[in-house]
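I opened the notebook to record what I looked up in this model, going through strands, buried sites, cysteines and rings in turn. The entries follow in the order in which I made them.

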Amino acid sequence: MKEALKLLMSMYEKNFEPDYITFSSLIKHCEENRLIEVGKFLHTLIKEKQIDHISINTALISFYAQCVGDIKQSLNIFEKMKSRNNTCWNSIIQVFTINGRIEEAFNLYNKMKIETKPDVVTFIILLKACANYCNQTIGQKLHNDIIHYGINNDQQLMTSLIVFYSKCGDLKKSLDLFETSKLTNIIAWNAIIQLLISQKKIDEALAMVKELKIYKLEPDAILYSNILKACADFSKFEEGVAIHKQILKSTTTTTATTSLINDATLQMSLLYFYGKKGDITICLDIFNKMKDSNMANLSAYTSIIYALISNKQIEMAFSLFNEMTERSDSVLLSILLKACADHSKFKEGEKLHQIINNNNYEVDITLATALVYFYCKANPKIAFNLFNDFKNSGKSNTLMWNSMIQLLLSNGRLEEALNTFHQYSTYNITPDNVTFTTILQACAEHNDLAKGKIIHNYIKENNLEGDVMLDRSLINFYSKCAELEMAKSLFHSIVENKKEMNSFIFNAILFACAEHGQANDCFLIFKQMIESGIQPTPETFTALLTVCSHCHLHIKALSIYNSMEKEFNVKPSNIHTSCLIDALSRSGDLHKALEIIGESKEKVFWMTLLGACRKHNNIEMAEKAFSALINIDPMDGSYYVLLSNIYTFNNEMEKANKIRDLMKKNGALKITGITSVYIGDEIHTFTSDDKKHPDYYLIQKELDKLISELMEAGYTPDTRWVTRTETLTIEEKRQLLCRHSEKIAMAYAFVRMPNTPQITLFKNLRVCGDCHEATKFISKVRKCKIVVRDASRYHHFENGKCSCGDNW
């Protein structure tokens with residue numbers, strides 16, 4: 001450049017006037033090489049020599065905008081021009097479009113129309129900007145002007161219009177233009193194919209790729225990259241492999257083949273595709289070839305490491321990370337930290353944290369979130385400290401806050417989780433569907449109706465209803481909290497408002513009805529599901545078989561089980577077989593259940609059978625089930641207790657004691673029975689013969705009164721349900737039964753809510769026969785509806801009857 005300037009000055013010394021070509025070329029060179037001071041010197045020289053030429057001014061407009069970043073100066077030069085042609089108009093318009101100032105660019109375009117007729121280049125510049133910023137209003141006006149000026153047959157312009165409508169998501173207009181213009185350039189095809197992909201029309205996109213051969217068009221690296229990524233995202237693995245083979249066969253010209261092989265974006269798409277497909281061997285082969293071709297940059301390492309982690313190859317992922325010579329970034333470090341958390345690689349995660357600290361990495365929100373997520377699993381105390389630091393420094397997002405809520409909930413700290421949720425707005429954090437579904441699930445598990453309603457009200461107040469996952473969570477929440485009618489109401493409102501219906505919503509309401517023993521509703525909703533054209537899933541049949549089990553419909557259960565694969569192409573799993581065994585066992589057909597179990601080693605099958613033996617008092621079958629179970633898992637105390645209780649029920653105390661002794665010898669643990677009851681917003685929990693509650697004396701007084709009322713109504717304690725094996729008198733047994741946790745919980749509910757129309761109890765074990773019978777009497781003598789959720793199902797007691805029909 002120095003030589004060029006010397007030559008320029010020499011020309012003046014020898015009285016040779018440089019022409020506009022000389023100056024234009026020099027200014028363009030300054031722009032391309034970012035020689036700002038030289039460019040400004042040339043501009044000063046041009047002004048001193050009073051040189052005025054369109055080409056020079058056009059070059060200066062571009063120089064000040066692109067190199068100096070002085071749009072005001074570019075506009076000043078343009079406005080002072082004595083004469084202007086389309087080239088300079090296009091140049092100044094492009095200055096504004098490149099900087100995202102589309103409205104101002106469009107205003108200049110309107111001024112241009114007064115002076116001269118816009119050309120194809122003008123429209124291409126403006127349409128490109130409208131496409132990039134999805135400004136369909138201005139783009140549509142430009143399209144109208146293109147038609148007005150009669151240049152709508154220009155192939156380049158039609159391609160720009162198709163790209164514009166495609167990027168704005170207007171499939172109809174894009175396809176209309178594509179069909180009428182009969183374009184045979186790959187750019188237009190790419191635009192349409194990418195639009196189809198973005199609208200999840202993957203099959204149509206794949207069909208268009210095949211059509212390229214008809215028009216003798218060769219796909220480029222962009223098209224191949226887009227369609228391969230789509231095949232990965234939509235699990236079209238067979239089609240993706242075929243496309244890869246097509247790439248490898250593209251040997252029509254050496255140039256084309258080389259450009260595809262050497263295209264880094266395409267190779268990255270292949271890595272992504274085979275990573276999703278789970279073919280690590282091919283992934284590594286592609287990556288190694290990229291290394292051999294010096295294409296293995298940070299992005300390539302990130303892709304292969306992510307693929308390895310996705311396929312649980314953690315050790316190999318870290319091996320590649322350790323061989324990297326290029327400095328890592330927050331994205332890769334975040335991927336690795338999440339992998340360390342998910343796969344309990346806590347030492348490796350701590351080393352990564354040291355790398356971050358020792359190498360002065362900037363901890364952005366992405367990396368901060370990954371660190372909190374990792375320590376939520378590795379060291380909750382550090383997680384809390386980091387979370388507080390990041391949220392106070394403005395480096396937190398919804399994902400980080402959700403991680404903290406999940407951490408609190410996993411430790412049973414529901415109250416703190418809700419308090420954290422209420423802080424979202426203080427720190428400008430917007431809760432997402434994961435936030436709500438996580439908290440609602442926790443409220444359901446804790447049977448906390450009041451807190452769940454707070455979340456539901458927040459969802460309604462912020463107009464967040466309508467999301468499939470949220471609707472499913474709300475239905476599940478109300479069902480688990482014994483509010484079946486509310487769950488049904490939500491489902492019906494979804495149907496009435498014609499919201500998006502899918503298997504998730506139907507399965508949620510089917511499970512709700514099944515758990516509450518609502519067989520007729522279950523089958524009607526299933527019929528509605530089929531009529532809506534929604535394919536039943538394995539979960540659908542779990543719900544249907546469950547309701548059959550709860551409602552003594554073993555013949556119906558067999559029919560459903562046998563129809564799964566024949567009619568709906570759903571292969572029965574162990575869960576479905578377990579449900580069928582449960583339905584047969586509960587109905588008393590223990591031999592048919594045993595026939596289905598056969599020689600299986602599935603613990604759940606034998607546990608189901610043993611539970612039914614307790615109900616039907618079948619000692620022989622119970623012993624067979626118990627024998628199978630202790631060979632599968634001798635540490636589970638539940639079946640020792642079940643068999644012991646069966647012996648006790650039949651007054652075979654010696655056998656019962658032997659089982660209890662064997663349980664102690666094997667170190668198996670018994671689960672303590674617990675019953676919870678809600679009094680307002682408070683949860684009160686009781687165990688059998690519980691004397692620790694602050695209101696113990698009030699509870700005892702109310703319990704004595706209640707038992708007396710039951711006796712007068714005809715209730716007699718069934719002492720066969722006393723599970724203690726020591727010798728007790730009949731009165732002692734009766735006293736034990738009367739102090740079961742369910743009865744204590746109900747007594748306390750009547751102390752605190754004397755005239756309550758409903759009591760809801762939650763029990764962690766299956767309710768015993770005596771408590772079930774007593775609760776029927778209580779619902780009648782106290783004229784109160786009682787809902788009990790036990791380990792098996794929901795029981796709705798009213799006026800002396802239970803919804804289960806004594807089948808539980």
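**Entry: the hairpins and the sheet**

I began at the β5 and β6 pairing in this predicted model, where Glu798 stands opposite Lys801 in β6. The two strands run antiparallel and are joined by two bridges. Their hairpin has two residues between the strands, and I noted that Asn799 takes a positive phi near 50° there.

On the other hairpin I looked at, β4 and β5 have four residues between them, and they pair in the antiparallel sense over four bridges. Within that pairing, Val787 stands opposite His796 in β5. I also checked how covered β5 is, and found that four of its five residues are buried, which leaves the strand mostly covered.

Stepping back to the whole sheet, I read the strand order as β2-β1-β3-β4-β5-β6, an open sheet of six strands with mixed pairing. The edges are β2, residues 682-686, and β6, residues 801-802, each of which pairs on one side only. Helix α44, residues 769-781, packs on this sheet and touches β4 (785-789), β5 (794-798) and β6, with a direction that makes about 40° with that of β5.

For the pairing of β1 (residues 675-679) with β3 (residues 758-763), I recorded an antiparallel sense and three bridges. Thr675 has Lys763 in β3 as its bridge partner.

**Entry: Asp448**

I next asked myself whether Asp448 is buried or exposed. Its relative accessible area is 2%, and because the cut-off for buried is under 20%, Asp448 is buried. The residue sits in the loop between α27 (433-445) and α28 (449-461). Leaving aside residues up to four places away in sequence, I listed its contacts as Leu414, Cys443, Phe477, Cys481, Tyr678 and Ile683. I also looked up the C-alpha separation of Asp448 and Thr577, which is 32 Å for two residues that are 129 apart along the chain.

**Entry: cysteines**

How many disulfides does a search of the whole structure find? The search returns zero. Cys613 is in no disulfide, and the nearest cysteine sulfur, belonging to Cys579, is 18 Å away. Cys613 counts as buried, at 0% relative accessibility. Cys804 is in no disulfide either, though here the nearest cysteine sulfur, that of Cys802, is 3.4 Å away; I kept in mind that a disulfide requires the sulfur atoms to be within 2.5 Å, so a separation of 3.4 Å does not qualify. Cys804 counts as buried as well, at 5% relative accessibility.

**Entry: aromatic rings**

I counted 33 aromatic pairs in the structure. One of them is formed by Phe649 and Trp721, with 5.3 Å centre to centre and 70° between the planes, an edge-to-face arrangement. This pair links distant parts of the chain, since Phe649 belongs to helix α39 (residues 638-649) and Trp721 to the loop between α41 (696-712) and α42 (730-738), and the two are 72 residues apart. Both Phe649 and Trp721 are buried.

For Tyr696 and Tyr697, I found ring centres 5.1 Å apart and planes at 65°, so this pair is also edge-to-face. Their surroundings I noted separately: Tyr696 counts as buried at 18% relative accessibility, whereas Tyr697 counts as exposed at 69%.

I also wrote down a cluster linked by ring pairs, made of Phe387, Trp401, Phe421, Tyr424, Tyr427, Phe436 and Tyr458.

Turning to charges over rings, I found Arg84 over the face of Phe78, at 4.5 Å from the ring centre, and Arg327 over the face of Tyr361, at 4.0 Å from the ring centre.

**Entry: positive phi**

Most residues other than glycine have a negative phi, so I looked up residues that depart from this. Lys200 has a phi near 65°, a positive value in a residue that is not glycine. Lys200 lies in the loop between α12 (186-198) and α13 (202-211), and it counts as exposed at 64% relative accessibility.

Asp689 also has a positive phi, of about 55°, without being a glycine. I placed Asp689 in the loop between β2 and α41, where it counts as partly exposed, at 35% relative accessibility.

How values were computed
Residues are numbered from 1 along each chain as its sequence is written. This is a predicted model: local features need pLDDT of at least 70, side-chain atom pairs count only at pLDDT 80 or more; totals for chains, interfaces and linings use all residues. Side-chain values use heavy atoms; hydrogens and water are left out. Two strands pair if DSSP finds at least two bridges between them. Contact means heavy atoms within 4.5 Å. Axes are lines fitted to C-alpha atoms, for helices over the stretch in contact, and angles run from 0 to 180 degrees between N-to-C directions. Buried means under 20% relative accessible area, exposed over 50%, partly exposed in between (1.4 Å probe, protein chains only). Rings of Phe, Tyr and Trp (its six-membered ring) pair if their centres lie within 6.5 Å; planes under 30 degrees apart count as stacked, over 60 as edge-to-face and the rest as tilted. A charge sits over a ring if NZ of Lys or CZ of Arg is within 6 Å of the ring centre and within 35 degrees of the ring normal.
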